[in-house]
Amino acid sequence: MARNVAQKLIEEHLVSGDMTPGEEIGMKIDQTLTQDATGTMVMLELEAMGVERAQTEASAQYVDHNIIQEDNKNPDDHLFLQTAAKRFGMYFSRPGNGVSHPVHMQRLARPGRTLLGSDSHTCANGCMGMLAMGAGGIEVTMAIAGEPFFVKMPQVWGVKLTGKLPDWVSAKDVILELLRRHDVKAGANKVIEYYGPGLEDLSAMDRHVIANMGAELGATASVFPSDDEVKRFMASQDREDEWQELKADRGAQYDIDEEIDLSSLEPLIAKPSSPGNVVPVREIAGEPIFQAYIGSSANPGYRDFAIASEIVKGKNVHENVSFDINPSSRQMLTDLVSNGHIANLLSAGGRLHQAGCNGCIGMGQAPATHKNSLRTTPRNFPGRSGTKEDRVFLCSPEIAAASALYGEITDPRTLDMDYPKVGEPDEPTVDFRLLQEPLPYEEAKNIKIEKGPNIATLPEMEELPDRIEVPVLLKLGDNFSTDEILAGGARVLPYRSNLPEISKFSFEITDEDYYNRAMAIKDDTGHAIIGGSNYGQGSSREHAALAPRYLGLRVALVQDFARIHWQNLVNFGVLPITFEDAEDYMKIDAGDTIVLENLRENIQNHNTFEAAIKNKNETITVRHEMSRRQIDMMLRGGLINWVRAKQ
């Protein structure tokens, strides 16, 4: 039977289940990726589970999110992560080396492999012919320990690319076009596979841009073939011997078929405050801007910075614009310096920041209140920038640079210049020092893990009771993101290893009093949350499930869930259920009380059961989609308890 690339990757790594869409499968994981906003919890979980050494081909711990050191918390955690990585036999990337996704692509990504990361944009490495997926930290912990990763078998959505991108249109516009067509939940339980003659003019880093923002479509993964372009990229990194070809068989079929004629695309932009709110830039040209931001994992390539450099070369950006340059890796920054591009950007008025995630996760570079910020980042959820009342637009480097010159949103096709032709550097830097190699086991086992005063032990999670009677503390709408559940940024993320402290920020963007109200009933009844469609979209950070659980969240009842957050809720013993009839969402309000009877028996023997709205004398039908394995985890109070019970 002819197989596409996604099917080949899944089949090669399948250890349980069958490849029927919607059925739970288990896959062997070859590589893992953790970053500092999520990795601290992973290291604590590895320690709690008694893991001696990573059982993967390669596991890498990156420091790229929390690199601002305004007090001791971040540097303490950096030292904790470095010593823990040494102890568990993992690669380690120091602060300033760059964003995990492009660095992993440069140094460790290999065609034909599976990669699981505790960052939703891990899918970016699908550009290398990998099955690269984001997940909650504790699932990455299990993969590091050698356990399979469980997920529902996805459909494969084939996107055939034809034609060639016109001048002033780049890879960012390709993924924005898919978001324009389908919005932010179309990729749920799907792998997006790109193929066709249009690939010939897309570099490996162009493909990274497209694969990265598959997360914004809610996709399980994005996959590209491993072809001559991937071979060229790996050769440029002195890793050609690790390349292997991986292409779809002739006659391979897809569950969903779509085509994008690259030659028909025009410059696109996503308006606040959703990556799916996409329009042609010409429709909103002229709106004033305060900030233009180049970089992040969504535009990490050499050409993304070089094209901006050539656009602003010899000119000055508008006096009202903060022109922020956010390099993606130390290696990339070295090449940009060597070829004069950083000098061009700085001379035009650019502000150079260290290589890392920075403003993408709200760690610096926050925009002014109610002022328009153009960013080449992957997300523009409310408040993600670090400014509560932000107005963030997502766009290509071409649009950001052109707009910086004029101080207003500008269609780059209107610039009085030819489209710059920018190629890769002739001899790109290859920096093997970006990653510290794992220590031999005999040396690693004697490493002492250093813990600063901000690290707190995870609390015990009780088993699922047979009866739950809880008030609804919040009722939320559609596409509510994990950034809105628990913000990132410089105020919040330094507490990532201190659950009692980070929980104080839960849902603050929606209800500043949520923490106090939840704490008041935490030990008595706990509480529930009601949500709309695509609840929990965005970041994979498990803190968005773990912090509300610490505050007594027992039930999340929504119209439907985003994949990773749904898994994280199960992992920490929060019951994720959906309305059997989506219209029943209108029957429950904040302040109502939900009663679930015979709960343990119901979830074991039925996919649907009744929930009573006590104060309204109303009964509705709810549904769960947990597998037998997940039901057992839920009964025990979460994955940690489940693992302990197996030992």
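This text walks through the chain from its overall build down to single residues. The model is predicted.

Start with the whole chain. Its secondary structure comes to 21 helices and 26 strands. The radius of gyration is 24 Å, close to the 26 Å that the globule rule gives for 647 residues, so the chain is as compact as a globular protein of that length. Along the principal axes, the C-alpha atoms fill a box of roughly 70 × 55 × 55 Å. Burial is the next thing to look at. Of the 647 residues, 64% count as buried. Contacts reach across the sequence too. Take the contacts with a separation of 6 or more: residues 24 or more positions apart account for 78% of them.

Now the surface and the charges. The accessible surface comes to about 22,300 Å². Carbon and sulfur atoms hold 43% of that area. The chain carries 65 positive and 94 negative charges. How far apart are the mean positions of the two sets? They are 2 Å apart.

Turn to strand β4, residues 58-62. Five of its five residues are buried. Both faces are covered. Ala 58, Ala 60 and Tyr 62 lie on one side. Ser 59 and Gln 61 lie on the other. The covered residues of β4 thus include serine and glutamine as well as alanine and tyrosine. Strand β3, residues 31-35, pairs with β4 in the parallel sense. Five bridges join the two strands. One of the pairs to find on screen is Gln 31 with its bridge partner Ala 58 in β4.

Next, go to Tyr 194. This residue sits in strand β10, residues 190-195. Is Tyr 194 buried or exposed? Its relative accessibility is 0%, so Tyr 194 counts as buried. Beyond its neighbours within four places in sequence, Tyr 194 touches Val 159, Leu 161, Ile 175 and Leu 178. Its contacts also include Leu 199, Ile 210, Ser 222, Val 223, Phe 224 and Pro 225. Pro 225 is worth a closer look. Tyr 194 and Pro 225 are 31 residues apart in sequence, and their C-alpha atoms are 7.6 Å apart in space.

Pro 428 makes a useful second stop. This proline is in the loop between α12 (397-406) and α13 (441-444). At 24% relative accessibility, Pro 428 counts as partly exposed, because buried means under 20%. Neighbours within four places aside, Pro 428 is in contact with Ser 236 and Asp 335. From Pro 428 to Tyr 91 the C-alpha separation is 23 Å, with their positions 337 residues apart along the chain.

Some backbone geometry deserves attention. Most residues other than glycine have a negative phi, and most peptide bonds are trans. Three places in loops depart from that pattern. The peptide bond from Pro 272 to Ser 273 is cis, with omega near -5°. Ser 273 lies in the loop between β13 (268-270) and β14 (278-280). Ser 296 is not a glycine, yet its phi is positive, at about 90°. Its loop runs between β15 (291-295) and α9 (302-312). Asn 598 also has a positive phi, near 50°. Asn 598 is in the loop between β24 (593-596) and α19 (599-605). How do the two residues stand for exposure? Ser 296 is buried, with a relative accessible area of 2%, whereas Asn 598 is partly exposed, with 45%.

Finish at the C-terminal helices. In α20, residues 628-636, the buried residues are Arg 629, Gln 630, Ile 631, Met 633, Met 634 and Leu 635. They pack against both strands and helices. The strands are β2 (24-27), β8 (149-152) and β23 (575-579). The helices are α18, α19 and α21. Just after α20 comes Gly 637, with a positive phi of about 100°. Helix α21 covers residues 639-646. Which residues of α21 are buried? They are Leu 639, Ile 640, Asn 641, Trp 642 and Val 643. Their cover includes α2 (36-49), α5 (137-144) and α18 (563-571). Helix α20 is also part of that cover.

How values were computed
Residues numbered from 1 in each chain as written. Predicted model: local features only at pLDDT ≥ 70, side-chain atom pairs only at ≥ 80, totals over all residues. Heavy atoms only, no water. Helix = DSSP H or I, 4+ residues; strand = E, 2+ residues; numbered from the N terminus. Rg over C-alpha atoms; globule rule 2.2 N^0.38 Å. Buried < 20%, exposed > 50% of the residue type's maximum accessible area, 1.4 Å probe, protein only. Contact = heavy atoms within 4.5 Å. Areas by Shrake-Rupley, 256 points an atom, 1.4 Å probe, with all protein chains shown as cover. Lys, Arg positive; Asp, Glu negative; His and termini not counted. Charge placed at Lys NZ, Arg CZ, Asp CG, Glu CD. Pairing = 2+ DSSP bridges.
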